[in-house]
Each structure stands twice: as C-alpha cells, then as structure tokens.
Amino acid sequence: MKKLIIFALCILGMCNARAEMMTAQEIILTEMATMHPWDSNKEEEKPFPSTGQTRFHASIDGNQLFVGADASVHAYTEVINQRTGEVVEEGEFVGETNMYIPQSGNYELYIYSESGTIMVGEFSVE
C-alpha cells in the first residue's frame, strides 16, 4: 500500500511540473523585412538573403515577456499596444532579455537585429 501511495505522489508531481512548464506561450515571429544600406560595397545577386544565421524566439508568461536569440547578437526590441499605438516597452539586448508588460491587452513585438532583419509577432496579456 505504501508503494502505491508513493507511486501516485510521484505521478502527481510529474503532472504538476509539466503543467507549470506549459504556462508560457510561444510568440510566433515572422520576418517583416531585411534592410541593406544603399551605399553598400557588396554586390549581391540575391535580393533577400537568408536569416539562417540567427534565430529569434519569444514567449509570454503572464506579464513577463522573454525574447532571445540562439547566438549572442545585438538587437533592439519594441512592444507596441495595438489599441493605442504607444510603445509600452523598448530596449537593447545581447542574447536575451526579459520585459514586464504592466497592463492587459493585445501587443505587437518588433525585434530589430544588427544584421538588418526585422522580426514581428503578436501576443496578448490577460
């Protein structure tokens, strides 16, 4: 009987840990644009080079926004309230950052990388 109770508690603990890990929601990021300077000395045949070098990812957990990259690159982020159009949070980071979103609502996330790529995603805070 003791073994059954211990086994049930272990299973319950694993289910509870799994549920806590699932609270953060992944934000789907899409590439909005790639910028190149007009006075660049490089003559490239491809109009839009691949962004395969750096992948950005973002997630929201309650009011905490996490933005990160798979490499230590410099980037700038903006969080814009969709209803008012005002910038709620902004800042530069290297590798990853956390931001606090104070109010509930629908937001847009913009990530500007130093390579000229702009990533955008939408999320909600409840």
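Two strands count as paired when DSSP finds at least two bridges between them. With that in hand, the sheet of this predicted model is easy to walk through. Four strands make up an open sheet, arranged in the order β1-β3-β4-β7 with antiparallel pairing. The edges belong to β1 and β7 (96–100), each of which has a single partner strand, so one side of each is left without a neighbour in the sheet. On average, neighbouring strands of the sheet are turned by 25° against each other, direction ignored.

A convenient place to enter the sheet is β1. This strand, residues 25–27, runs antiparallel to β3, residues 56–61, and three bridges join the two. Within this pairing, Ile27 lies opposite Ala58 of β3.

Ala58 also leads onward to the next strand, as its bridge partner in β4 is Val67. Ala58 can thus be followed in both directions, to Ile27 and to Val67. The pairing between β3 and β4 (residues 64–69) is antiparallel and extends over six bridges. These two strands form a hairpin with two residues between them, and there Gly62 adopts a positive phi near 70°.

From β4 the path continues to β7. Five bridges connect these two strands, which run antiparallel. One of the contacts can be named by residue: Gln64 has Tyr100 as its bridge partner in β7. With β7 the walk arrives at an edge of the sheet.

Note on methods:
Residues numbered from 1 in each chain as written. Predicted model: local features only at pLDDT ≥ 70, side-chain atom pairs only at ≥ 80, totals over all residues. Heavy atoms only, no water. Axes fitted to C-alpha atoms, helices over the stretch in contact; angles between N-to-C directions.
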